[in-house]
Amino acid sequence: MSRFFRTQGDSDSSDSSDEEEELMSSGDEAAPSRPAAAAPQRKGMDSFLKKPGGGSDSSTSDDASDSDSSDDSDGAEDDGDQEPQQAVRIMSAAERRLVEMEATGKVMENALRINDWIAISNEFDKLVRMIQRQHNVSEPIPPFYIRTLISLENSVNNALAKEKEAKKKTNATNAKALTAMKQKIKKSVKEYETDVNKYNADPEAFEREYNALVVRDAPAVAGATPRATTAPGVEGESPDFTTVGPRGKAMQFSSEGILKNLQGVQEARGKKNTDRAEQIRILEKLLEVAVTSYQRIRVLLALVSSRFDYNSSVATHMPIELWLSAQREVDQLVAIVASNPAYSIQEIIEDYDELKERTPEDPDEKGGIVRIRGSIISFVDRLDDEFTKSLQNIDPHGTEYIDRLKDEKALYCTICRAQAFYENTNQDEPLGRVIMRRLEHIYSKPDAVVQALEAAVDASEIKPNMRLAGQGTTSGLIHALCVYLYKSGNSLLRTRAMLSHIYHHALHNDFHTARDMLLMSHLQESIHSADVATQILYNRTVVQLGLCAFRCGLIKESQATLLDIFTTQRVKELLAQGVHTQRFQVITPEQEKAEKQRQLPFHMHINTELLEAAFLVSSMLVEIPLLASIDSDELKRKAISKPFRRLLDFADRQVFTGPPESTRDHIMQASKALQDGEWEQCRDLIQSIKIWSLMPEAAAVKEMLAKRIQEQGLRTYLFTYAPHYSTLSLSLLSRTFSLPLRAVTSIVSKMIWNEELSASLDQSGGVVVFHRIELSRTQQLAQTIADKVGAMLEQNEKALDIKMGGTGGWGDRTDGNKGEKRGEQTQERRGRGERTRGTRGGARGRGARFAQGLGNEMGSRTG
Amino acid sequence: MAEYDLTKRIMPYLDRHLSLPLLAHLCETTLFALEDVQIAQYELAKGTNMPDYAANLFSQIYPDQEVPQEFEEKRQNTLLTHQRLQDEAQAVLDVIENPDVAQALRQDKEQNLQYLKDNYNLTLDQIAALYHFGQFQYSYGNYSGAADYLYHFRVLSTDNDLNTSAQWGKLASDILSGKWDAALQELDTLRESIDSRSLPGPALTQLHSRTWLLHWSLFVYFNHPAGRTLLLETFLSPVYLNTIQTSCPWILRYLAAAAILSRAPAPGASTRVRNALRELIKVIQMEEYQYQDPVTAFLKELYVEFDFEAAQRELGRAEQVLGDDFFLGEFSADFLDNARYLISEAYCRTHQKIDIRDLSERLNLSPDEGEKWIVNLIRESRMGADAKIDLDKNVIEIFRPAVPVYQTVIDKTRGLHLRTSGLGTAISRMGMGAPQGAAGAEVAVR
């Protein structure tokens, strides 16, 4: 702060502290050049240094001394006095720091005299901070500090010794400050142990060394920066030198000095007081003047990173303009590196001299290749992440979102360019990552969008090998990308590629391929141990698979697949499309933040309402005939789809039902109509659901649903009304449900064959003959108990199987004929389980396990 | 019907020599142009060491051209190689056939090798000569000779790769020389070695081996008298069923045919064979998108759609397909018989009153034949007591009394005791911490 006061006093121009800060920060950045400017006037500085020290003799506080000296300078300038001291003091920030230090030192000496340890302690802290700053700009430690340190150490020891002798007279706070002081000194001395030792050995030599250090830096830069000589004059002449500062600086960016400037910027990076915007501006200018490829690569690397640095907070997204320029610069970078194979950007390389200009012709470079530290892949990754983050933060219903979405094309091109670059240079590891990025942009998109993206890639000058034009179809492209990832060694990428591939198949209604791939990948066994992002992708894939089954008319498969996610009642959360609020659980802010970061951008969402409609309709088609077929209450409790059953019960309890409004209302009323055998009403209700319009090929889906409703209506009707008939004409059934006679016969036969319906067909009369036996209560109970005992034994066997563990099964180990048979049976069962996994049993188990897995994962992450 | 011919799909999984009979069979059918098949045969034969056969084929295809000289050269070469290999192998054979040696040989291969080395100066390299000679013999068509040499080699050699190779070779030789019993034995050992293979090799190689085994075994299973049951046993085991589903769904035709052929399994058959049809139908449904032909379609129409007309239509086509199929050709009539039986069984189970004429039509039979068939059916099947023919109205009436409740209860609880005691044994074997539930179950059963 003190510096602020002073410089403000210095300049009577109206320039705000903004500019001030710029000057200061630029002083930090261009640190190496600073002392240089001061160097010619070393003598003057020395004399000057003494002066304020002497002047502030009487002052007690640092601030006072500051204002004192600034008053001094003001006066001097007003007089138009061209004292060399003046000029020196103004232009060198390093000096100013020194002056401050000296001032602090003085204050400490004074305090020491009156034995005021509190004041000393404060001042010392200040001094340490200053030294720290000095350190930050990588200037050598002034001998003054060391000297102070040593003298302080001595006096502290003395004071402590005195203390011991005369205990009574110490005041408590002072004593405390003294001990604290002792600790601090100890720490500092330790820190600068070598310097202190050197100083102790030969104070003068130390001082000489320091001076030499400062001087040596100077001429090195002096030649390179014309400002070093011109600046003092300019500033001396004009009173408003602060405005000249930036302009003057602009002049100093020549191609020769670039690397130095760059180093300055890089050293300031990540420090507390650096102005990021200013740094970006400097780098942009550096880029303009950069001549050689090497310089441009270096500047671009620094520029892109500083753009990414601009936002320090994790929560907010990068400003869009910055993002766009970063994206362009990454493009530029890739273009340079791709066109100059002699330059190579690598993450791990040997150290090299940052300040040296390097060319491929240089004999020092191995194999004629200049290796530069940096990582294009991480830029691409970051660019993509920032894009996602901005989409997460923009309101998806505004035009801004759409505008932002348009940038995806450019991003996609950048990714493809990076891919092309890595393909040409045969770098497998980053190539895998970049291909994964590319895949993530296209796997969930419809063909038209992918074609648009690919068209943009085709238009650019650097193209990867895998392109839509080469592969013919989007599926071909995705296949090519995925196959590359399958072959690469990274198992995470492999998993994600597999899931994306399955998702893509499901999106294109290729249910069987998608299902086979999912089953063959055995992902369901290991997914609960994967990271959250992959789990989300898995969930999305499974859900898309369910929707795909629905679109293909595979109602049972669809119901079984979607059941898992709906039983959890956390659909949105599991798909990362919204934060779930639990009723009895308060989410900590961190938890919420983590959740938010996981959210998918809106355009990737799977419409949950559509999903629910698909699930409830397929549940209806599966559940309603089932409900009709079971007559005892005992069995009724066994629900296939709990969420659906719950809704249905709720709808049943409703005293008054109005006309349906929501999708759920429609489906519930349709279910009731289906229960009553009113299939036409059911069909109309289902078909009038508006959300179907979001489904591709909506008309075909509706038609399919109508057909299914007819069939299931017939089944429900037969189940419900069988007890009231002894015979039923097939032609009547065919007319009632407007199904062809053959279809009716087929459905009825199937029910008879599967022993769902105790009836038989009379061919000559064209009727169904029902044989119904009323069971007495005792008989019913006997049957129930037999079932239960069987189930219990089954459970016990399973429990034992688990306990014994493993593949062998305990049955195999029991000897004798009986044992063998048992083994056979268990194996049989297991085998069946394996084979039918595709349809329902496995799917359910997998989902349950999985949903929990995610829960655990989140618990452990947040807890 | 050419689109249902599987030769093209099966051939990639067969040995060159095993494919020859398939092509020869194609010559007899009219599915493809004779010339094309002959050219294929010629191309195939060119790669073998049977120059005479190839030359013969060549002159058949191009009667007006002269047989190329290369066959003559090849023939000379073959004879020379034969001579050389035979000499090498003979040395080993002389030793082995010595009765003293035969007696001294034990189970332990290492020991045998040591013994042979010590006493007769036989090394592993020399034994490998047996393998080479066997392979060579196979390549010019002397299959039984090849089988002999490969057998001897396998007894002596410790080289795993060559042993496996010899096993495949022996199987092929046995198949081609028509020794079905030996082939079946060979097949079993080969299957064991594939299944038990815990080699570090990827699962993919195992899948490949299994696919090959599936194809090769068709030769054995459709020629050995008990083959069909064994086929069901093997192909329906989980691993092989998975293999079929993953890499070669067309095998489903043979599986379906075998299941239909062994409709009424022998009393001792395992549950797997008895439930074969039920299992199979599930698989057929699942794989419908990948593969279907009249045989699988027949089963689907009959048991999934219960569309008897469509089933009958498919049966008609299946008959043709079977007639043209290399493996199933001779089972055509048998298949038809069994399929009819299945249709009528399904029909009778869902119907109460059946018009005989209608049923005969369903079965592709004339009314008279149909009546005879039905009477036979009723007589031999278990529904004999329930079905009555009413000649007056020309219908069959089937009365199926419902199963008494007590019977179902008894059926349900039948196995419980056995299974519970199984549980008990297992727990006591574990010797600790018996789960509470098991005891409970036991009580409940008693």
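The exercises below, each with a worked solution, concern a predicted model of a complex with chains A and B.

**Exercise 1. Confidence**

State what ipTM and pTM the predictor gives the complex, what the mean pLDDT of chain A is, and what the mean pLDDT of chain B is.

Solution.
- Step 1. For the complex, the predictor gives an ipTM of 0.76 and a pTM of 0.69.
- Step 2. Chain A has a mean pLDDT of 73, with 71% of its residues at 70 or more.
- Step 3. In chain B the mean pLDDT is 81, and 92% of the residues reach 70 or more. Residues 433-446 of chain B have pLDDT below 50, and this stretch makes 26 contacts in the model beyond near neighbours in sequence.
- Step 4. Chain A also has stretches in which pLDDT stays under 50. One of them covers residues 217-251, with 62 contacts beyond four places in sequence. Another covers residues 807-863, with 70 such contacts.

**Exercise 2. Make-up of the chains**

Determine how many helices and strands chain A has and how many chain B has, then describe burial and contact range in each chain.

Solution.
- Step 1. In chain A there are 43 helices and five strands; in chain B there are 25 helices and three strands.
- Step 2. Chain A comprises 863 residues, of which 36% count as buried. Chain B comprises 446 residues, of which 35% count as buried.
- Step 3. Consider the contacts with a sequence separation of 6 or more. In chain A, 70% of these are between residues 24 or more positions apart. In chain B, 55% of the contacts between residues at least 6 apart join residues at least 24 apart.

**Exercise 3. The pair α18(A) and α20(A)**

Decide whether α18(A) and α20(A) are roughly parallel or roughly antiparallel, and describe their contact.

Solution.
- Step 1. Helix α18 of chain A spans residues 320-339 and helix α20 of chain A spans residues 399-425; their axes come within 10 Å and cross at roughly 20 degrees.
- Step 2. Angles under 35 degrees count as roughly parallel. The two helices α18(A) and α20(A) are therefore roughly parallel to each other.
- Step 3. The handedness of the crossing of α18(A) and α20(A) is left-handed.
- Step 4. From α18(A), the residues that take part are Ile320(A), Leu324(A), Gln327(A), Val330(A), Asp331(A), Val334(A), Val337(A) and Ala338(A). Their partners in α20(A) include Arg404(A), Asp407(A), Leu411(A), Arg417(A) and Phe421(A).
- Step 5. Sorted by class, the contact of α18(A) with α20(A) has ten nonpolar, three polar and four charged residues.

**Exercise 4. The pair α13(B) and α15(B)**

Characterise the crossing of α13(B) with α15(B), and list the residues that meet.

Solution.
- Step 1. The axes of α13 (residues 227-235) and α15 (residues 251-261) of chain B come within 9 Å and cross at roughly 130 degrees.
- Step 2. That angle makes α13(B) oblique to α15(B).
- Step 3. The crossing in which α13(B) passes α15(B) is left-handed.
- Step 4. Arg228(B), Leu231(B), Leu232(B) and Phe235(B) of α13(B) meet Ile251(B), Leu255(B), Ala258(B), Ala259(B) and Leu261(B) of α15(B).
- Step 5. The residues of this contact divide into eight nonpolar, no polar and one charged.

**Exercise 5. Positive phi in chain A**

Find where Asn426(A) and His522(A) lie, and classify each as buried or exposed.

Solution.
- Step 1. Asn426(A) belongs to the loop between α20 and α21 (428-442) of chain A. Its phi is near 55 degrees, a positive value in a residue other than glycine.
- Step 2. Asn426(A) is exposed, because 7 other C-beta atoms lie within 10 Å and a residue with 12 or fewer counts as exposed.
- Step 3. His522(A) belongs to the loop between α26 (511-521) and α27 (523-526) of chain A. Phi of His522(A) is also positive, near 55 degrees.
- Step 4. With 9 other C-beta atoms within 10 Å, His522(A) is exposed.

**Exercise 6. Two loop residues of chain B**

Locate Asp15(B) and Glu330(B), and relate each to a residue distant in sequence.

Solution.
- Step 1. Asp15(B) sits in the loop between α1 (7-10) and α2 (16-28) of chain B. This residue, Asp15(B), is partly exposed, with 18 other C-beta atoms within 10 Å.
- Step 2. Between the C-alpha atoms of Asp15(B) and Trp216(B) the separation is 8.7 Å, although 201 residues part them along the chain.
- Step 3. Glu330(B) sits in the loop between α19 (308-324) and α20 (332-350) of chain B. It is partly exposed, with 13 other C-beta atoms within 10 Å.
- Step 4. Glu330(B) and Phe222(B) are 108 residues apart in sequence, and their C-alpha atoms are 9.3 Å apart.

Technical notes: Residues numbered from 1 in each chain as written. Chains lettered and ligands numbered in written order. Predicted model: local features only at pLDDT ≥ 70, side-chain atom pairs only at ≥ 80, totals over all residues. Helix = DSSP H or I, 4+ residues; strand = E, 2+ residues; numbered from the N terminus. Buried ≥ 20, exposed ≤ 12 C-beta atoms within 10 Å, placed from the backbone. pLDDT = per-residue confidence, 0-100. Contact = placed C-beta atoms within 7 Å. Axes fitted to C-alpha atoms, helices over the stretch in contact; angles between N-to-C directions. Parallel < 35°, antiparallel > 145°, perpendicular 65-115°, else oblique. Left-handed = near helix turned anticlockwise from the far one by under 90°. Nonpolar A, V, L, I, M, F, W, Y, C, P; charged D, E, K, R; others polar.
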